[in-house]
Amino acid sequence: MLIVKKFGGTSVADKDRIFNVAKRCIRDYEAGNDVVVVLSAMGKYTDELIAKAKDINPNPPKREMDMLFTIGEQMSVSLMAMAMAQLGVRAVSLNAFQVPMRTTSAYGNARLKKIDTERIRRELDDRKIVIVTGFQGVNKYDDYTTLGRGGSDTTAVALAAVLHADACEIYTDVDGVYTADPRLVPTARKLESISYDEMLDLAALGAGVLHSRSVELAKKYGVQLVVRSSLNESEGTIVKGVGKKMERMLISGVALDREADRISVIGIADVPGSAFKLFHTLAKNNINVDIIIQSVGRDGTKDISFTVSHNNLNEAVELLNSCKDQLGFDHIEYNCDVVKLSVVGSGMMSHPGVAAKMFECLYNENININMIATSEIRITVLIPEKDALRAMNAVHDAFGLAE
C-alpha cells in the first residue's frame, strides 16, 4: 500500500512535533507500506521570510520571493529525514529540483504541469521513506516557483495522483472539516464526509482547511482525501464523491473570506466589449476576480464592481488606472473594509428558499449586503467587515449547523 501524507506548518513547528510526525509516518512504514511525506515550512517561518524580504525591499520581485520561500520547506524535509534517521529508519529528503516537479512560470502562483516519479519510485523500492518539499516547483527556466499559500496540499494530491497512491492524508492543526471555523464559531461541528464540490467551494471561499487547487486535482483524478489532526488520533473528515448521506444535507458549511476587497469601475462606456476589455486586462496580469455586478446603463455609461484578493488590490488598481484611456472609464473606487460570507451545500440545488433564509437572517441582524453571487451549491454575500463574526454565527445557527 502506498500512502501520501502531508503535514502543515504547525505539525512540524518544533523538535517535539517533528518527532511526533516522524513516529506517525514510521508506524505506517513498519506496517509494510510505502510512505511519501509532503511538508510545509515550520510554523510561521514563511511569514518570517516575508517580513525579512519586506524589510529589504517593500515591493520585492516575485521571482526572488519564490527563491526565498523555498528555504522553509527544504529546512522541514531535511530535519524530518534527520529525525527519522535518529529513530533508526532510512529516509531521504527531496526538493522540487530533485524530483523534479515542473510548473508554469507564474511566480507566486504557479501551477503544476508534470511530476517525474522515477526518483521517488527508486527511493521507495530501496525501502526509504521519501520526504518531499511541498509548495514549490521548477519552471522551464529552471527557476524555483511556488504554488501559492497552502500549496503543499496541492503537492500532496498531485503526488498521490501520479503515484496512484492508495491513500492521501492531509494533516493539519484541526481534526477535520467543520461546518465553520471552530475558532470563530464555537458551535461548529466536524463533518464525517463532504463532497469534492462542497469542499472546493469552502476552500475557495476562505475555509482555510485545504488549498482549493488541491481539491480540484483530487476531484479530477479521483483521489480520496482524509483531513485529520497531527496532534491526535481522531478519524477526521473524508473528502470524496457525493454519497447518499451528503445528498440529504441542505448546507454543509459556512465560510468567511477576510481577504476580499471590492473594486468599482465608475462610468465605463455602456457598449459591447467594454466588460471584456476590463476583465481581459486583469486576466492577462493573473489577477483573479470573483463576485461581479454591473449596474444598469445611464447616459451611455455603466458601473462595474467586482472583488479581488487583498494581495492583488494595489496591483489591480494601478493596472486599471494605467489603462484608463483604453478602457474608457471615469474613475475607480475601492473598499477594503468588506468580507465575503458564504453558505455551501449540495442540498440547496433541490431546496428553494435557501437564499431567502440567508438574507432574512442578515436582515434580522441589521447587516447590509453589498454584493451577491450564487451557484448551484453556494450563496456568497459581501458584507461590512465589522459585522463578519456576528453574521457568520447567525447564519450558522439559522441553518441548524450547530452541535
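A residue counts as buried when its relative accessible area is under 20%. By this cut-off, five of the six residues of strand E2 (residues 34-39) are buried in the predicted model. Strand E2 is therefore largely enclosed by the rest of the structure.

The neighbours of E2 come next. Strand E1 (residues 2-7) runs parallel to E2, and six bridges join the two strands. Within this pair, lysine 5 stands opposite valine 37 in E2. Strand E6 (residues 129-133) also runs parallel to E2, here with four bridges. In that pairing, leucine 39 stands opposite threonine 133 in E6. The link from E1 to E2 involves a helix. E1, helix H1 (residues 15-30) and E2 together make a β-α-β unit, and this unit is right-handed.

E1 has a further partner, strand E9 (residues 167-172). The two strands pair in the parallel sense over five bridges. Valine 4 stands opposite cysteine 168 in E9. In a regular strand, side chains alternate between the two faces of the sheet.

These pairings belong to a wider sheet. Eight strands make up this open sheet, in the order E3-E6-E2-E1-E9-E11-E12-E10. The pairing is mixed. Strand E3 (91-94) and strand E10 (193-195) stand at the edges. Each has a single partner strand, so one side of each is left without a neighbour in the sheet. From one strand to the next, the twist averages 20°.

Another open sheet has four strands, in the order E13-E18-E20-E19. Its pairing is antiparallel. Strand E13 (253-257) and strand E19 (371-374) are the edge strands, and each pairs on one side only. Neighbouring strands of this sheet are turned by 20° against each other on average, with direction ignored. E19 and strand E20 (residues 378-384) are joined in the antiparallel sense by four bridges. There, threonine 374 stands opposite isoleucine 379 in E20.

The second largest pocket of the model has a volume of about 340 Å³. Its lining consists of 14 residues. Leu112, Lys113, Ala158, Leu217 and Tyr221 lie nearest the centre of the pocket. Three elements each supply at least two lining residues: strand E5 (112-115), helix H5 (151-162) and helix H7 (212-221). The largest share comes from H7, with five residues. By class, the lining has seven nonpolar residues, six charged residues and one polar residue.

Several loop residues have notable backbone angles. Valine 99 and proline 100 are joined by a cis peptide bond, with omega at about -15°. Proline 100 lies in the loop between E3 and strand E4 (101-103). E3 is also one of the edge strands of the eight-stranded sheet.

Arginine 127 has a positive phi of about 55°, although it is not a glycine. This residue is found in the loop between helix H4 (118-125) and E6. Its relative accessibility is 30%, so arginine 127 counts as partly exposed. The strand after this loop, E6, is the one joined to E2 by four bridges.

Asparagine 366 also has a positive phi, near 60°, and is a residue other than glycine. Its place is in the loop between helix H12 (354-364) and E19. At 68% relative accessibility, asparagine 366 counts as exposed, because the cut-off for this class is over 50%. E19, which borders the loop, is an edge strand of the four-stranded sheet.

Leucine 313 lies in helix H10 (residues 313-322). Its relative accessibility is 2%, so leucine 313 counts as buried. Leucine 313 and cysteine 336 are 23 residues apart in sequence. In space, their C-alpha atoms are 8.8 Å apart.

Technical notes:
Residues numbered from 1 in each chain as written. Predicted model: local features only at pLDDT ≥ 70, side-chain atom pairs only at ≥ 80, totals over all residues. Heavy atoms only, no water. 1 Å grid on protein atoms, 1.4 Å probe; cavity = no way out; pocket = protein on both sides within 12 Å on 5 of 7 lines; lining within 4 Å. Points joined across faces, edges and corners; volume = space filled by probe spheres on them. Nonpolar A, V, L, I, M, F, W, Y, C, P; charged D, E, K, R; others polar. Buried < 20%, exposed > 50% of the residue type's maximum accessible area, 1.4 Å probe, protein only. Pairing = 2+ DSSP bridges. Right-handed = clockwise from strand over helix to strand, strands pointing away. Axes fitted to C-alpha atoms, helices over the stretch in contact; angles between N-to-C directions.
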